[in-house]
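Reader: I would like a close look at one part of this model, the surroundings of the ligand. Please take me through what lines it and what touches it.

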Amino acid sequence: MTDLTDAISTSTVPVRTAEQPLTGRRALVTGGASGIGAAVVRALAARGAHVVVADIDTAGATALADEVGGSIWTVNLMDTDALTDDTLATALHGVDILVNNAGIQRINPIQDFNPADFHNILTLMLEAPFLLIRAALPQMYAAKFGRIINVSSVHGIRASPFKSAYVSAKHGLEGLSKVTALEGGAYGVTSNCVAPGYVRTPLVEKQITDQALVHGIPEAEVLSKIMLTESAIKRLVEPSEVGSLVAWLASDDAAMVTGSSYTMDGGWSAR
Ligand SMILES: NC(=O)c1ccc[n+]([C@@H]2O[C@H](COP(=O)([O-])OP(=O)(O)OC[C@H]3O[C@@H](n4cnc5c(N)ncnc54)[C@H](O)[C@@H]3O)[C@@H](O)[C@H]2O)c1
């Protein structure tokens, strides 16, 4: 006969607390080696989750996984031919929190926009999330728990000139997220977007030169004249602020939040 004390001490049921609400959870964050993704990795790990840092940048992913006690998946999410059912089943094994975050930016008027760039952005930022969600859902349905969190953008609900591919991909991601929410609701799986304004990351730093060129203004004026014009709060979003929102959406407290898109844009989309 099993002694009750033994049964309790050997129990593998995770103990979740207010500070560690994600204990026992396994998360996978695409584009987790840099910027918002890295902040999301840190936020989830700090709350008790084991996090898989999925990125094309092996060195960056490894350094962060070492820092948070997580693991890595080196992957080029633009190469969807390599995202076979077997590869995805292995990478996503046991994952109950999936954060689709990897993204890039290209800025050009439509008439000058390279069709290959348009295709690549749609592949990385819409088709790859679809393939990962598709692969993750069956095990989430079986476990009656899952969290799909898609890093969209204010450009998922608003447009800006010269970002045809990016705006199209993010609007598509918002739609994919809502369909996932409707299908997953009966199985304890939620799906939501987070939609930040401009965040202090390498992706934004890299586009300052391009924005200056395409708008014909000095680089020093890009922040005030382009990036922050629509915001009520005139500063960039910090990556850790997005990480904190994602971590809450991943928690049990957010069980009734699904099909939504949470803006964190300093008031941009209130207009
Ligand atoms: N920075 C912003 O202002 C902002 C605002 C709103 C939304 N977003 C979104 O947040 C997400 C992250 O952006 P960020 O600013 O942190 O960018 P970032 O450039 O700092 O990080 C992007 C990460 O994605 C990885 N990545 C790029 N291509 C990849 C590929 N083919 N396969 C696998 N990994 C790949 C990169 O290696 C990098 O680690 C993107 O989806 C972006 O659209 C960013």
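Author: Start with the make-up of the shell around the ligand. By class, 16 of its residues are nonpolar, ten are polar and three are charged. The model is predicted. In this model, 29 residues surround the ligand. The closest are Asp55, Asn101, Tyr166, Val199 and Thr201.

Two of these closest residues also make backbone contacts. Asn101 places a backbone N or O atom 2.6 Å from an oxygen atom of the ligand. For Val199, a polar backbone atom is 2.6 Å from an oxygen atom of the ligand. Val75 takes part as well: one of its backbone N or O atoms lies 3.4 Å from a nitrogen atom of the ligand. Now for burial. Taken alone, the ligand exposes 830 Å². The protein buries 93% of that area.

Next, the secondary structure. Three helices each supply at least two residues of the shell: H2 (35-46), H6 (164-184) and H7 (202-215). H7 gives the largest share, with three residues.

Then the site as a whole. The ligand takes up the space of the largest pocket. Where does the ligand lie relative to domain 1 and domain 2? Domain 1 covers 24-198 + 237-262, and domain 2 covers 200-235. Both give residues to the shell, so the ligand lies between them.

To sum up, the ligand sits between two domains, in the largest pocket, with 93% of its exposed area buried by the protein.

Conventions
Residues numbered from 1 in each chain as written. Predicted model: local features only at pLDDT ≥ 70, side-chain atom pairs only at ≥ 80, totals over all residues. Heavy atoms only, no water. Near = heavy atom within 4 Å. Polar contact = N/O pair within 3.5 Å; in protein donor to acceptor, adjacent residues only side chain to side chain. Areas by Shrake-Rupley, 256 points an atom, 1.4 Å probe, with all protein chains shown as cover. 1 Å grid on protein atoms, 1.4 Å probe; cavity = no way out; pocket = protein on both sides within 12 Å on 5 of 7 lines; lining within 4 Å. Sits in = over half its atoms within 2 Å of the grid points. Helix = DSSP H or I, 4+ residues; strand = E, 2+ residues; numbered from the N terminus. Nonpolar A, V, L, I, M, F, W, Y, C, P; charged D, E, K, R; others polar. Domains from an automatic or database assignment.
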